[in-house]
Amino acid sequence: MIRTIFTVFSKEVLDNFRDRRTLASALLMGPLFGPLLFAFVINLSIERSLSDVEKTLELPVLGVEYAPTLIDYLKSRNLKIIAAPEDREAAVASVKSGLHDVVIIIPRGYGEQMANGIPAKVELVSDRANTAADRDARRVRNVLYAYNQELAAIRLSARGVSPLVLRPLNIDDIDVSTASGRSGILLGMMSYFFIFAMLMGGMYLAIDTTAGERERGSLEPLLALPVTRDRLILGKIIATCLFMALSLMLSLISFFFALKFMPLQELGMTPNFGPRVVVAAFFLLAPFILLGASVMTLVASFTKSYKEAQTWLSVVLLAPTLPILIVSLLTLRPRLEFMFVPSLSQHLLLIDMVKNEPVNVLHVVISVTSTLLLGGLLTWLCARLYRREGLLG
Amino acid sequence: MIRVDGIHKSFGSVRAVRGISFEAPDGRVTGLLGPNGAGKSTTLRILYTVMKPDAGSASIDGHDVVKSSLDARRCTGTLPHGAGLYPHLTARENIAYFASLCGIERSNIEERVENIVDLLEIKDFADRRTKGFSQGQRTKVALARALVHDPQNVILDEPSNGLDVMATRSLRELILKLKDAGRCVLFSSHVMQEVAALCDDIVIIADGRVAIDDTAEGIREQTGCDDLEDAFVAAIHRVSPE
């Protein structure tokens, strides 16, 4: 029994290792391409959000001459005043066309209104539908609010009233998220990268077990041998699992290195992804290997050809995202019943680990056993289906 | 020795095999002859146990192909129609894989493979990966693979398909070698001449039924045709007059 399974297993491993193209897509595509893309995207978004705070913003102002004090204030807030379009209409048009993100218009009557103590009109032109531009507009708006507050306080003081009258509430915004906690949000999607890479690693072998063997014409000779089919399929599924495990391991390691090139600390994030977490994550995700291998083998066994199997399996590749997506969109906290859902349970537990939060042991036990049980059940189903005549196509 | 006793097999509404019986004794070559779609492949598939008959029974060396299919397979070497190899393995590795699955002792595998490589004269390309092999080379390796566990019974489904003259010749020689060694050889073909040149017994199948089961001589006598091809046509018309 063991010998037959081992014979099939080692033949499949040898066969797969010799197939360069398959090997490249199994062990390079998933593990390396994923984290690299991830690192690139994160770097890009970090650079953008960092630059917003520090960068000098160029601000076109129409009517600079009417409000020298305000202009000085704006300049002190890291805003660089530049020449604006010649009149109000041109200024509005320039924002509409996207030439400027935000323009300030100071009308001629500003000085007079200010001197008389009536609200002085200042116009801020922006396009709120344009999210990228709106960030700059918000910054300018906040500077104007601050100036407004400051002037009000000065005027009250001049009349002998405490400026505190303007602040009946003292709002203190306390952020309880830790640096690791903030990483969790950003890195939440990486659990899917691991599952994706894992599935990619075994995809070709899973197809080969049925559709591939059939298309090549090697299935019938194989089935005509004095070997029970259970052993054939077990050997093949174990080989599939090995490649999935390899792919998972490689992607964890490549992620470990990829994180070093992400300036996460600058955002106040320190993902807990050291060597120990890498090892723990491997064992946390490993139960999903058997499930993935059996699902892929099962789906492929119903297809007529290699091509058709590839098409269907690309759908299978996306399936694990579904529960993750739903829970992420609804921002649900980890709950006991979620641990019965494969891919979701691994995702939630991995996030806890990356956030450096205590991991619930019961949750881990449920996640591991339920995923393994389901994988075992589906493997059994694969073996059952391997016995039917329809397999020959 | 192979015995087939009134087997039936349908696929949906298509009745591929409807009551085929014959015997293929040891030390003789039995040819299963019939036009395309007559039910030859289905009959052979039932014999090498990848399909089960709806009714009737078949046995190989006394092992029922349904009840003790593992034993039946153990004493049979099979070359299915269009048998494929593993392209990333060498010819030798392909053969050794099957040898190992047949339960041959690990220490004996190398020797067995060596013997079969000699027997089939495939030494020249035995250590090359089978990707890009010609049809003749592929068939030879597939045959070697089927014979590596030294089976008493050999089932070949259209083995000469796609082979050139030289390859067909060496296949014929191999079949005669097996016969001389006292093996039971059962092979299917739709080419009358091939069957006539090689077979001791000919089973002509048409429309899922046996039209004639006799020696080449007997078939000529029964149909009253001197030419075997005419005899073939005459025999087929017996079961399906249209």
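Here are some notes on this predicted model, taken point by point.

1. **How chain A is divided.** The domain assignment splits chain A into domain 1 (2-46 + 180-392) and domain 2 (55-168). Domain 1 is written as two stretches, 2-46 and 180-392, so keep both in mind when you colour the chain by domain. Taken over C-alpha atoms, the centres of domain 1 of chain A and domain 2 of chain A are 55 Å apart.

2. **How chain B is divided.** For chain B, the assignment gives domain 1 (2-75 + 151-239) and domain 2 (84-150). The C-alpha centres of these two domains of chain B lie 25 Å apart. Their contact takes 9 residues from domain 1 of chain B and 8 residues from domain 2 of chain B. On the domain 1 side, helix α6 (residues 165-180) of chain B provides the largest share, with 3 residues. That side of domain 1 of chain B breaks down into 6 nonpolar, 2 polar and 1 charged.

3. **Where the chains meet.** How many residues of chain A are in contact with chain B? The count is 19 residues of chain A, set against 25 residues of chain B. Two helices of chain A, α1 (2-18) and α9 (219-223), each supply at least two residues of the side that touches chain B. Of the elements in chain A, α1(A) gives the most to that side, with 5 residues. By class, the side of chain A that touches chain B has 7 nonpolar, 5 polar and 7 charged residues.

4. **A helix pair in chain A.** Have a look at helix α10 (residues 229-260) and helix α16 (residues 361-386) of chain A. Their axes come within 9 Å and cross at roughly 135°, so α10(A) and α16(A) are oblique to each other. The crossing of α10(A) and α16(A) is right-handed. From α10(A), the residues involved are A:Arg229, A:Asp230, A:Ile233 and A:Ile237, and they meet A:Thr379, A:Cys382, A:Ala383 and A:Tyr386 in α16(A). In terms of class, the contact of α10(A) with α16(A) has 5 nonpolar, 1 polar and 2 charged residues.

5. **A helix pair in chain B.** Helix α3 (residues 91-101) and helix α4 (residues 106-119) of chain B pack at an angle of about 125°, and their axes are 10 Å apart. That angle makes α3(B) oblique to α4(B). Here too, the crossing is right-handed. On the α3(B) side, the contact is made by B:Arg92, B:Ile95, B:Ala96, B:Ala99 and B:Ser100, while α4(B) brings B:Ile109, B:Arg112, B:Val113, B:Ile116 and B:Val117. Sorted by class, the residues of the contact of α3(B) with α4(B) are 7 nonpolar, 1 polar and 2 charged.

6. **A:Phe273.** You'll find A:Phe273 in the loop between α10 and α11 (275-285) of chain A. Is A:Phe273 buried or exposed? It counts as buried, because A:Phe273 has 24 C-beta neighbours inside 10 Å and the cut-off for buried is 20 or more. Leaving out residues up to four places away in sequence, A:Phe273 touches A:Phe256, A:Leu259, A:Val278 and A:Val354. A:Phe273 and A:Met353 are 80 residues apart in sequence, yet 8.2 Å apart in space, C-alpha to C-alpha.

7. **A:Leu37.** This leucine, A:Leu37, sits in helix α2 (residues 20-54) of chain A. A:Leu37 counts as exposed, because it has 12 C-beta neighbours inside 10 Å and exposed means 12 or fewer. A:Leu37 and A:Ala258 are separated by 221 residues in sequence and by 9.7 Å in space, C-alpha to C-alpha.

8. **Positive phi values.** Which residue in the loop between α3 (68-76) and β2 (79-83) of chain A is worth a look? That one is A:Asn78, which has a positive phi of about 65° although it is not a glycine. With 13 C-beta neighbours inside 10 Å, A:Asn78 counts as partly exposed. In chain B, B:Asp61 lies in the loop between β4 (55-60) and β5 (63-64). Phi of B:Asp61 is near 50°, again a positive value in a residue other than glycine. B:Asp61 also counts as partly exposed, because it has 17 C-beta neighbours inside 10 Å.

Key
Residues are numbered from 1 along each chain as its sequence is written. Chains are lettered from A and ligands numbered from 1 in the order in which they are written. This is a predicted model: local features need pLDDT of at least 70, side-chain atom pairs count only at pLDDT 80 or more; totals for chains, interfaces and linings use all residues. Axes are lines fitted to C-alpha atoms, for helices over the stretch in contact, and angles run from 0 to 180 degrees between N-to-C directions. Helices (H or I, at least four residues) and strands (E, at least two) are DSSP runs, numbered from the N terminus. Angles under 35 degrees count as roughly parallel, over 145 as roughly antiparallel, 65 to 115 as roughly perpendicular and the rest as oblique. A crossing is left-handed if the near helix is turned anticlockwise from the far one by less than a right angle, and right-handed if clockwise. Two residues are in contact if their C-beta atoms, placed from the backbone, lie within 7 Å. Ala, Val, Leu, Ile, Met, Phe, Trp, Tyr, Cys and Pro count as nonpolar, Asp, Glu, Lys and Arg as charged, and the others, Gly among them, as polar. Domain bounds come from an automatic or database domain assignment.
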